[in-house]
Amino acid sequence: MKLSEIKSKLKALDSIAFQLPNGDLVPRHFHVTEVGKISKHFIDCGGTVRTENVANFQLWEADDYDHRLHPEKLLSIIELSEKVLQIEDLDIEVEYQGETIGKYGLDFDGKHFLLTTKLTDCLAKDKCGIPEAKPKLKLSELQDQAASCCGPDSGCC
């Protein structure tokens, strides 16, 4: 989800809820402690120089059980961040403290903002010798194929 998308969705909401990939909701008394821009400048394993930029939200829960972040407040934080930090319409990455700090993508299901899992990947498979994944076949499918091609009327003999 991009910044423009979350801003549009916040304008139509009365309350904000974030849902973790396991279905649990982030406690309602969470704070958004940071909205910023993270720039990553790196070299992949194939030697290609790359840059990535994301808008970063950090969610944090405190012992302040009476606190509720309202959509218009988060919208104003985002807009201030865009102006002061000159953040363009970037994809959003969300940090949230579980057993360790997790990084998530962001989606929306019409009611909740969904924290989506992110995966690592090799960006230079063609240069570092990672073989293409072989298609997985079911033994029953192979048996069906073998039976159909070697039947008495198949013409293979």
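**Contacts, core and cysteines in a predicted model**

Leaving aside its neighbours within four places in sequence, Leu-75 is in contact with Lys-7, Leu-10 and Lys-11. This is a predicted model, and Leu-75 is a convenient place to enter it. Leu-75 lies in helix H2 and, with a relative accessibility of 11%, counts as buried. From C-alpha to C-alpha, Leu-75 and Lys-9 are 9.7 Å apart in space, although 66 residues separate them in sequence.

The discussion now turns to helix H1. Which residues of H1 are buried? They are Leu-3, Ile-6, Lys-7 and Leu-10. These four cover an arc of only 100° around the axis, which means that they are on the same side of H1. This fits a general feature of helices: an α-helix has 3.6 residues a turn, so residues three or four places apart point the same way. The partners of this buried set are spread over several elements, for the buried residues of H1 pack against S3, H2, S4, S5 and S6.

In soluble globular proteins, nonpolar side chains tend to be buried together. Here the largest nonpolar core has 29 residues, and Ile-6, Phe-113 and Leu-115 are those with the most contacts inside it. Two or more residues of this core come from each of helix H1 (3-11), strand S2 (30-43), strand S3 (49-61), helix H2 (71-85), strand S4 (92-97), strand S5 (101-108) and strand S6 (113-116). Phe-113 deserves a closer look. Not counting neighbours within four places in sequence, the residues in contact with Phe-113 include Met-1, Ile-6, Lys-9, Leu-10 and Leu-13. Also among them are Ile-16, Ala-17, Phe-18 and Gln-19, as well as Leu-106, Asp-107 and Phe-108.

Phe-113 also belongs to an aromatic cluster, which it forms with Phe-18, Phe-30 and Phe-108. The count of aromatic pairs comes to 3. In one of these, the rings of Phe-18 and Phe-30 have centres 5.3 Å apart and planes at 90°, so the pair is edge-to-face. Phe-18 lies in strand S1 (residues 18-19) and Phe-30 in strand S2, so this pair ties together parts that are 12 residues apart in sequence. Phe-18 is buried, with a relative accessible area of 1%, and Phe-30 is buried with a relative accessible area of 1% as well.

Another aromatic ring has a charged partner: the charged end of Lys-40 sits over the ring of Phe-42, at 4.8 Å from its centre. Strand S2 also holds His-31, which counts as buried at 18% relative accessibility. Which residues does His-31 touch, beyond those up to four places away in sequence? They are Gln-58, Leu-59, Trp-60, Ala-62, Asp-64 and His-67.

Finally, the cysteines. A disulfide is a covalent bond between the sulfur atoms of two cysteines. How many disulfides does a search of the whole structure find? The result is 0. Cys-45 is in no disulfide, and the nearest cysteine sulfur, that of Cys-122, is 3.5 Å away. The cut-off matters here, because a disulfide is counted when the two sulfur atoms are within 2.5 Å. Cys-45 counts as exposed, at 54% relative accessibility, whereas Cys-122 counts as partly exposed, at 21%.

Key. Residues numbered from 1 in each chain as written. Predicted model: local features only at pLDDT ≥ 70, side-chain atom pairs only at ≥ 80, totals over all residues. Heavy atoms only, no water. Core = buried A, V, L, I, M, F, W, Y, C linked by side-chain atoms within 4.5 Å. Buried < 20%, exposed > 50% of the residue type's maximum accessible area, 1.4 Å probe, protein only. Contact = heavy atoms within 4.5 Å. Arc of directions from axis to C-beta. Phe/Tyr/Trp six-rings, centres within 6.5 Å; stacked < 30°, edge-to-face > 60°. Lys NZ or Arg CZ within 6 Å of the ring centre and 35° of its normal.
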